[in-house]
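Me: I should like to go through this structure step by step, with the reasoning set out for each answer. Please begin with the packing of the interior.

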Amino acid sequence: MGLRMRGLELGTLLIWSCFLLLLQPCGSMEPSCPADARRPVLQTPNSTYTQLNYNSAFMSPIVNSFLGSVQSKPFPKDLLIKMITQPSEIMQTEGVTEVLKYEIGFLVCIAIGILYIILMPLIGLIFACCRCCGNCGGRMKQEQMSNIHCKRRSFYWSTFFITSVILAGNVCMFLSCTHTSETLMNSPTEVSNILEDVKSYLVTVPKQIGQVVDESSLTVEKVKSSLNGSSLGEFIQSGLKGHLDPSIKSISEIAQVINSTGVALQHVNNTLEQLMPKVDELNVNISAVRQRINVTLSLPGCVNCTSLQPKLDKLSLDADLEFPDQTELMSAVNKAENADVIGQANKGNDFFDDIPQKVKTETTQTVKLAVSELEKLKSQISDVTKRLPLDKLENFLQPLTEVQQDVLDVTQYTQLSSKISLGVGLVLSCLILLVVVCNFLGLLLGAVGLKPLDDPSERSCTSSCGGIFFMAGVGFSFLVSWIFMIVVVILFIVGGNLHTFVCAPWQSKEIFQILSTPGLIPGFNLSTTLQLNTDLTIGSMYSDCQMNKPLWTTLHLNGIINLEDVLNISKFEGQIYQYFENADINIANITILTSDVKSQLRNFSDSFSSTNFSSITQQMNNISETNLNSTADDLDDMASKQTNKNISDELHKQAQELRNIQTAITFSIMPLVVELNSTIKNLSRTASQINDTVGTVLRSVVYAQDIMNYNISQIVKKESRTFVDCQFKIFRSFTQWANQTITEQLGRCGPAAAAIDRSENLLCRHLVASLNAFWFSLGWCMMFLIPSIIFSVKLAEFYRRMECTDVYENKVVMDTFPRASINPQSIGS
C-alpha cells in the first residue's frame, strides 16, 4: 500500500513538473553564452603613389621589335649564370667566343655604326673637295633636258618625304629626352618611396603578430574574469530558477492574497459598525411612523382607509444584516499572517540571490587549477608567434634605411644629371631640327622663287636661297652626323643590353629563375637568412607575393610549425572539465515552507471555502430595493379623498415623514451598502480562488522541495558543464580566428611584389625605355640623313642661280610646283 501511494505521489509530481516546464518562457531556463567578440582587423602597411605618370614607353613596341630582330636568340640563362659564377672561364677564348656568338646581332649593328662614323666624314670630305674642283654639282651649269621638270618634282617630293620622316624622329627625340630627364629627376623620390613602402611592410608584420598575441591575452583574461567572477554561480542560479521561481512567486502571491483578504475583512467589519446602528435607528423610526399611520387610518372619519392596511403591514426596512461569524475567518487570516508566508518567500529569494556568491566561494580552488591551465594555453599560443621567424624581417630595416639615405644623398647629383641629360638631348635635337629647318626652307623658298621660263643663270634670289639652304643642310649633316652616330652606338650598347639582359627577362620573370640559382650570390641563402628549413626561392616568393599571399604560404611555415596542433585546445578542455566535474559545490538546502505554514494555509483555504457570501449579498440587495416613497404617494392620494380635514392633514404629514426616512436611507444607508456590497463581492471572488491558489502553492512547493532535496547536485554539474562549454566556445572562436588570420591574413606580401614591380617600372618602363627611344630616334634621323643629303644636293641644282646655261631648243615647257606657270603669250610667240 505504501509503495502504491509513493508511486502515485511520484506520478503526480512528474505531471506537475512537466506542467511547470511548459509554463516557463522560452530562453529563461539557462543564460545564453556570451556573443562572440568582434575581432580586430589586422593593420595594413602604408603605401605611396608613384610620380611617374607620363608614358616614357611610347616607342617601346618599335624599339623592342628592332632589338628583338637584332637579338633573336633566347635569353642565355646558363651563359649569364656562368658569367657570374665563373668569370675566369668566361675570360678564356671559348667563353669569349660564346659571348660574341650571342652578341652577333649587336656586333653587326655596332659595325654598321662604326662604318657610318668612318665613312660619313670621309665622304663629306671627298664631296667637299669634289665640289671645289667643279665636280659633284660644283660647276654652276645646268643642262636643259626635256624631263627636267619631272626630275625636279620627283626630287622635291622625295626630299619632302625624307625630311618629314626626319622631323618625326626629331619629335620623338624631344619627347624621349624630356622623359629621360623627368625620370632621372623623380627617380630618387621614387626609389625612396619604394623603400619606404618595403620598410612599412616590414614594420607592419611584427605589429600584426602583436595583434594576434594581444587578442590571445584578451581572450584568456576574459575567460579568467568569468571564472573568478560570479558567472558560474549565475549559470547555476539560472538552472535552478525554472524549478524554484514558480514556488517562490506563488508563495508571494498567496501572501498578497492573505494580506488583501485580511484588509477586506477588516473593511467589512468597519463598514458594518457604521451601517448597523443606522439601520436599527431607521427601523425604529419606520415602526413609529407605521403605528401613527395605523392610528390615523383607524379613525371613524377616515374614508376607505382599510385599503392601505395590507401595504402598511409590509412597511419596514428589510435588513436584518445577519452576517456569518467573522471571528473564525479573521482567526484563519491572522494565523496565516502570523505564519509569515511573505517571510518564507523572502527567505527563498535570499537563498536564490546568494547562490552566485556561494558558488564562487565553493569553487575557489577549482578556479585556481583552471586558471593555471589557461596560463599554459596562453603561453602556448604566445610561443607560436615566437617560433615564427618573421622577426628576422626586421634585420632588413637597417640596410634599407641606409640605402634610402644614400639615395637621398645623391639626389642633387641626380638632379644635375637630369639637367645635363635634358640639355644634351635638346642640343642634339635642335641640331637635327636645324637640318630639318634648312630642308624645309629650301623646299619653301625654292618652290616659291622658281620661275620655269627664267634662264637658270637668271633665277631669283628667293629660289637661289632655297638651293643654298639645301646645301647648308647637306654640309651641316656631314659635319654632325658621324658625331651623333657615336652617341647612338654608345647608347645602343648600353640601352640595348639593359633591355636584353635586364628588362626583357625581368618582364618575363626569367630573371627570378636566375636569382633562384643556388650559389649565384655567394653567402646569400634566403632560407638560411630567415632561419627556415624550407627550400625558398626568390622566384616562388615573388610569384606568391604577386597574388598577395600571406607569409604562412609564401615562406612555407607549415613545414616548421604544426599550427593545428598548437591551437588544439582539446587537451586543456578535458583537464578543465575534469576539475569542474570533481568540484564539490555545496549549495546549502532550505525548507521552502514548513509543515506548520502549510497547515495554516490549508486552514485559511478551508475557512473561506465554507463561507457563503451569497446570503450576505442578498441582504444588501434587499436594502437597495427598499422604497418608502410609493407608500407615501399612496397616503397623499388617500389624503386627497378625505372629507375630514384633520385626517387629511395627518395623512399628508405621515407621508412626508416616510419621504424623509427614504431620503435618510438614500443618503445615509445606501453609500455604506454599496461600499459593503462591493467589498463583499471582491471578497467572494477572492474566496472562490483561494482554494485553487493554495493548492497551486502547495504543489509547486512540493515539486521545488523535491528538486532541492534530490536533484540539485545534478543541476549544479549540468550547469557547470554548460558554463565551461561557453568559456571554451570563446576559445574555439579565438583559435579559429587565429588560425585563419595567421594562415590567410598575416603578412600578405603584396606590397613587396608591388615594390619590385615599381622598381621594374622605374628602371625599364621609364628610364631604359626613354633612353632606348632617344637613341633609336637619333639613329633613325641619322640613317635618313643619307637620302636627305642625296636628294638635297640633287634638288639644289634646280633652284640655285647658274653661271652659264645650256640651251635646249626643242624643250617642252612644263608647269612648276607650286607657283611656276607658263605665260600664254610666250607660247604664242
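Reply: In this predicted model, Leu244 touches Phe351, Phe352, Ile592, Ala704 and Met708, leaving aside residues up to four places away in sequence. Leu244 is also listed with Leu227, Ile236, Ile587 and Leu601 as the residues with the most contacts inside the largest nonpolar core. The number of residues in that core is 103.

Me: Which helix gives the largest share of this core?

Reply: The core in question is the one with 103 residues. Its largest share amounts to 23 residues, and these come from helix 26.

Me: How many residues are in the second, separate core?

Reply: This core is separate from the one that holds Leu244. Its members include Val63, Ile166, Phe470 and Ala796. The second core has 50 residues.

Me: What is the span between the end C-alpha atoms of helix 8, and where is its kink centred?

Reply: Helix 8 covers residues 231-297, which is 67 residues, and at 1.5 Å a residue it should span 99 Å. Its end C-alpha atoms are 91 Å apart, which agrees. The helix has a kink of about 55°, and the kink is centred on Lys241.

Me: How many disulfides are there, and which residue is joined to Cys503?

Reply: With sulfur atoms required to lie within 2.5 Å, the count comes to two disulfides. In one of them the S to S distance is 2.2 Å, and the residue joined to Cys503 is Cys764.

Me: How many residues apart are Cys503 and Cys764, and is their link left-handed or right-handed?

Reply: Cys503 belongs to helix 16 (residues 461-507) and Cys764 to helix 27 (residues 750-796), so the pair links distant parts of the chain, 261 residues apart. Both Cys503 and Cys764 are buried. The angle about the S-S bond is -90°, and the link is left-handed.

Me: What is the handedness of the disulfide between Cys545 and Cys749?

Reply: The sulfur atoms of Cys545 and Cys749 are 2.1 Å apart. Both residues are buried. The torsion about their S-S bond is about -105°, so this disulfide is left-handed.

Me: Is Cys438 buried or exposed, and what is the state of Cys465?

Reply: Buried means under 20% relative accessible area. Cys438 has 10% and is therefore buried. Cys465, with 33%, is partly exposed.

Me: How are the rings of Phe155 and Phe791 arranged?

Reply: The structure holds 13 aromatic pairs. The rings of Phe155 and Phe791 have centres 6.2 Å apart and planes at 50°; planes under 30 degrees apart would count as stacked and over 60 as edge-to-face, so the pair is tilted.

Me: Which helices does this ring pair tie together, and which of its residues is buried?

Reply: Phe155 lies in helix 7 (residues 148-228) and Phe791 in helix 27, so the pair ties together parts 636 residues apart in sequence. Phe791 is partly exposed, with a relative accessible area of 22%. The helices are therefore 7 and 27, and the buried residue, at 17%, is Phe155.

Me: Is Ser792 buried or exposed, and which residues does it touch?

Reply: Ser792 is in helix 27, and its relative accessible area of 1% means that it is buried. Its C-alpha lies 7.9 Å from that of Phe155, although the two are 637 residues apart in sequence. Not counting residues up to four places away in sequence, Ser792 touches Thr159, Asn439, Phe470 and Val474.

Note on methods. Residues are numbered from 1 along each chain as its sequence is written. This is a predicted model: local features need pLDDT of at least 70, side-chain atom pairs count only at pLDDT 80 or more; totals for chains, interfaces and linings use all residues. Side-chain values use heavy atoms; hydrogens and water are left out. Helices (H or I, at least four residues) and strands (E, at least two) are DSSP runs, numbered from the N terminus. The expected span of a helix is 1.5 Å times one less than its number of residues. The bend at a residue is the angle between axes fitted to the seven residues ending there and the seven starting there. Buried means under 20% relative accessible area, exposed over 50%, partly exposed in between (1.4 Å probe, protein chains only). Contact means heavy atoms within 4.5 Å. Rings of Phe, Tyr and Trp (its six-membered ring) pair if their centres lie within 6.5 Å; planes under 30 degrees apart count as stacked, over 60 as edge-to-face and the rest as tilted. A nonpolar core is a set of buried Ala, Val, Leu, Ile, Met, Phe, Trp, Tyr and Cys residues joined through side-chain atoms within 4.5 Å.
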